[in-house]
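Biologist: I've just opened this model and I'd like to know what stands behind the words people use for it. Can we go through them one by one?

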Amino acid sequence: MNVDVVRQKLVDGDTDAVLKELVDLYRRAEILHTPQLGRILEVLFPVWKGLLQTKLPPQLRATMQNRCRKVLLQILNRLPSNEALRPYVAQLLQLLMEVLQKDNEDNALIALKTLFDLHRNYRPALRNEVQPFLELVQLMYKNLQATMKKQFSGPPETHKSSSTVSAGTTPTAAKTAVSSATPVAEGAKEATPSGSESASAATTEAAKAETPVPQATTSASAGEASATATETTADSTKAATETTTANTATAPSGDSATDEPICSNLESFKTISELPLIIMLLFQCYPSYIESYIPVLVPLMMSALALRAPDTAATTHPSRYLDFLDCQVKTLSFVTYLLRGCANLMRPFQDAICENTVKLLIACPKDAFVLRKDIFVAARHIISTDFRRGFYPQLELLMNDDVLIGKGRCSFYQIRPLAYSTLADMIHHVRDMLTLTQVSAIVDFYGKRIHDPTLPISIQTTSIRLLLNLVDISAKNEDADAWKGRNILSRILLIISGKFGTTLANLPVALATTLRNKSASDRSDLLEGGAMDKIKQSSLLPKEVVQKTQYERKLEALLLPYMRVQRPADSISEEEPSIRDIKSLLRTMILGIRAVIWCTANYRNPLAKDLSTVDANTADASGIVSVSTSQGIRSVHSVDVGGVSGRASGSGSEHVYPLTDDERLLIAKVLRNGLRCFILYTLSDNTLSEEKQMLDHFAGAFTVLEAADFRDLFISNIELLYECILQDHAILTIPQHFLANSNVSCWFAEILLKFLITQMKDLSVEAEGDLPDTKRVDKVMAIEILQFEKMRPVPQVDRASIVLRLFKIVFGSVTLFKSNESALFRICERLSSRV
C-alpha cells in the first residue's frame, strides 16, 4: 500500500472519495499489524486527526460524513497496542475525548472501546488523561434524569430493526442476530451504520452480561480478579465489535446514507452502560483518584439508580427502556463492587442500594432475563457483605414470584434456581430479625419449593436448610399467641416428613439416571477423535460388542421401569435427580430432623432442658463422645434434653403443648420412609462408615421423644426395623444407638426383647452370632423388588444370626445401665420358662 497516495486522497478527496479510501483501508486492516505500522502512523495519523477535528465534523444524523467518521474510528480501534503506537497514544486519547463530548452514540461506543484498550495497555503513562474522562462521567450522570425525560418523551417506536438485539435478550439470541447480520449487510443496497452498530453494541452487552466484571470481585484479591475479568471482557467485546462493524466497512462506497437521526452521546443510555467498566479499570490503574472521585460519583450513581422510567415507557419505547435498565444494572454492579473497599462511604446508602435492587427486579420486562440475572449476581455481592441487612424490609415483596422471577418463560426456567438460592441467603443472614408472621410466610413459600420436582435437588436442599435454620426461632418465640410458633414447627415437620416420602420415591429414578448417564459416558462422541475413530463408530466396520456383567444386567433390569424417556433438548421437564444430590438431601434432612422433633415435642415445656440448636451442617448431632467395646455397644452420652428419666417426675408444672396424634403419625412416617431410604446404600457405591454415621444421626432423632411417644412409635414399627436389619446388617447401628442412650435404653430394651421372643422360631437352625453380612453385589443379584424390607429373601441361618446378635446387645446394655436389669427381669422369666 502506497501511504502517500492514500494520504493525498484523504486530504484532497470529497466525502465519497474519503469513504472509499477508509473502507479500503479497513478491509486491509491486517497491514496495521505489520512492521509498516510505524510508517503508516507517521504519514496518516495527522490526516486522521484532521479529518476528525475539521473536515468531518460530528453528525447527529446518519449522513455520509458520519459514515466516514465511523469507519475511521473503527480503524483506530483496530490499531495494535504496541510500541509503534505509543508516541501517538496521548493525541489519540484527546481525539477520543472530543468524540465523547461532541459526537453521536454510535461513534462514542467505538471510542469508548478504544479508550478502554489504550488505558489497559499503556498504563500508567496516561495519568493526565484520567481526570477529563471522570469529569465527563460526572456530567453524564448529572444529566441522566433530563436524558431520561427527553428519551421517553419522543414519539413511540414504530418498529425494531431485525439486527438490533437489546441487552434484555438472551446471549444466544444476541449471537444469532450478530451472525445473521453478515449476509444481510452484504446483500443490502443501503448500508445503515446505526443498525450495524446497534447489533455491535448489543453483542457487547450480551458478552458482558455473561462475564459481569464489577460483579466478579468476591475474594480478598478483588483488584486482581477484576482486572483479569476486565481484560477478558474487553477482548471478547472487541472481537464482537469487529465482526459486526465489518459489515458496514464492506458495503459499497456508492451507497447513500439514510439520514436517520442518531442520539447524542451525552444523552445516550448505551454510553452510560459502558462507563462503570471503564471507571473500575481506571481506579485499578490509578488508585490515587479513588479518594477524590468516589465521594462525588457515588451520590450521582445512587441518584441514577433511584430514577424510574414512565409507566408507559416499556410499551412505547421498548428498546430505549431496556437500554435505560441496562445502564442502571451496570451502575448497580459497580456500586456493589465498591461495598468492600469503600464500606464507610457506602454505609449511608445501605437501604437505598437494597431497595433499588428490588425495584430493578420489578421494573424488568418479562423477557429481560439476562438483566434479571445480572441483578441477582449483584444482589449476591451485597449479601456477601454486612450491607445485606438492607434487604430485610424487602423480604415480603421478594416472596412474590412475579417480582422475584418475573412472568417470562425463559426467566421461569432459567432464573429460578439463582433467585431462590439468593433469597434464601438473604433470609438466612437476617433471620434474627424475623417476626413469626414472616417466618410463617417463609415456611409456606419454601415448603412449596421443596416439593417442586422441576427445581434442582440442590435448591430443594437449600430450602430445607433454610427451614431448619428457622426451627430455633419458632421454638424460642415469646409471642402472646403461643400457637403461632407451635403451628410453624408442626408445618416444618409436615414438610420434611413428606420430603422423606418423595425422596424414597425418587431413589429408583436417581439410580436409573446415574446408570443411564454412566452408559452414555462410555460411548465415544462421533464428533471426537480422529477419522479412524469415526470410521470405527460408523456402519462401515463391525462394532465391538461390549459384554456386560451379570451384576450390570441385573441392575439394569431392576431400574428399567424407572428410566425416563429422553426428551428433546428444548423441552422443559422435571429435574432428573442424581445419587450425589439425593445423598446430600438425605444427609441434610437426617441431621436436621432431630431438632425439629425435639422442638415440636417440647414446645414451651417447663420440664424440658434446653437443646442446643442442631444445624443442618453439624458434624455430629447425636453428641457421641465415647465408645465402649463391651458387647459391641457404644456408650452414647447425648446432650441432656430432659429425656424420659428427667421428665418422669413432675414439679407441679404442666406441658401444655405435647405432640398431637397427627404429629405422632408424621414422626412415624419419618421413621418408616427414612429407614427405607437406606436402600440407597445397598444399590450404590459407598463406604460402610458413611452409612453408619447417617444411621447414628437418624437414630438420635428419636431419642428426644417422651417415653410414651417413643414406646408407641417402636412397638408399632419394631418389625419393620427388624426386617431392614435382615436386609442390611449396618442398620444394627440403630438398636445399638438406642440401647446405649440413657434416655431410651430401658424402654427400647423391653420392646426389643419382647419382639425377639416372637422370633425364636428362627433359632431352630445352627447359626453363629457374628455371621458377616452378604456382599453388596450378591445382594443386588438376589433382589426381587425395590422395597427395602422385602427386597430379597433372607435365609433362615441369617435370620438366626441376627436374632442372636440382637439378644447379645440387649443383654449387653445391662452393663451400661443397671436400670435395664429390672426392666428385663420379667421378660427373662418368660424366656426361661419357654426354654
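Modeller: Sure, starting with "contact", which means heavy atoms within 4.5 Å. This is a predicted model, where local features need pLDDT of at least 70 and side-chain atom pairs count only at pLDDT 80 or more, while totals for chains, interfaces and linings use all residues. Residues are numbered from 1 along each chain as its sequence is written, and side-chain values use heavy atoms, leaving out hydrogens and water.

Biologist: Then which residues of α6 and α12 meet by that rule?

Modeller: From α6 you have Glu 105, Ala 108, Leu 109, Leu 112, Leu 115, Phe 116, His 119 and Arg 120. On the α12 side they meet a set including Phe 269, Leu 275, Ile 278, Leu 282 and Cys 285.

Biologist: And what makes those two helices roughly parallel?

Modeller: Their packing angle is about 10°, with the axes 10 Å apart. Axes are lines fitted to C-alpha atoms, for helices over the stretch in contact, and angles run from 0 to 180 degrees between N-to-C directions. Under 35 degrees counts as roughly parallel, over 145 as roughly antiparallel, 65 to 115 as roughly perpendicular, and the rest as oblique. The angle of about 10° falls in the first class, so α6 and α12 are roughly parallel.

Biologist: Why is α5 called roughly antiparallel to α6, then?

Modeller: The axes of α5 (residues 89–102) and α6 (residues 105–121) cross at roughly 150° and come within 9 Å. That angle is over the limit of 145, which makes the pair roughly antiparallel. The contact is made on the α5 side by Val 89, Leu 92, Leu 93, Leu 96, Met 97, Val 99 and Leu 100. Among the α6 partners are Ala 108, Ala 111, Leu 112, Leu 115 and Leu 118.

Biologist: Which hand does the crossing of α5 and α6 have?

Modeller: It is left-handed, meaning that the near helix is turned anticlockwise from the far one by less than a right angle; clockwise would be right-handed. The crossing of α29 and α32 is left-handed too. There, α29 (residues 579–601) and α32 (residues 688–700) pack at about 35°, with axes 7 Å apart. Lys 583, Arg 587, Ile 590, Leu 591 and Arg 594 of α29 make that contact with residues of α32, including Met 694, His 697 and Phe 698.

Biologist: How many helices and strands does the protein have, and what counts as one?

Modeller: There are 38 helices and zero strands. Both are DSSP runs numbered from the N terminus: H or I over at least four residues for a helix, E over at least two for a strand.

Biologist: Why is Gln 59 called buried?

Modeller: Buried means under 20% relative accessible area, exposed means over 50%, and partly exposed lies in between (1.4 Å probe, protein chains only). Gln 59 has 17%, so it is buried, although it lies in the loop between α3 (37–55) and α4 (64–78). Beyond its neighbours within four places in sequence, Gln 59 is in contact with Gln 65, Asn 66, Asp 103 and Asn 104. A polar atom of its side chain also lies 3.1 Å from the backbone oxygen of Pro 57.

Biologist: What about Ser 264: buried or exposed?

Modeller: Buried, because its 18% is under the 20% limit. Ser 264 lies in the loop between α11 (222–249) and α12 (269–285). Not counting residues up to four places away in sequence, it touches Leu 60, Asp 103, Asn 104 and Glu 105.

Biologist: And what makes Asn 517 partly exposed?

Modeller: Its 43% sits between the 20% and 50% limits, so partly exposed is the right label. Asn 517 is in helix α26 (residues 482–522). Val 471, in helix α25 (residues 471–475), is buried at 3%. Its contacts outside the four-place window are Leu 489, Ile 492, Ala 595, Val 596 and Cys 599. Over the whole protein, 53% of the 835 residues count as buried.

Biologist: How many disulfides does the structure hold?

Modeller: Zero, where a disulfide is a pair of cysteine sulfur atoms within 2.5 Å. Among the cysteines, Cys 327 is buried at 1% and Cys 364 at 8%.

Terms used: A polar contact is a pair of N or O atoms within 3.5 Å; within protein, one must be able to donate a hydrogen and the other to accept it, and residues adjacent in sequence count only if both atoms are side-chain atoms.
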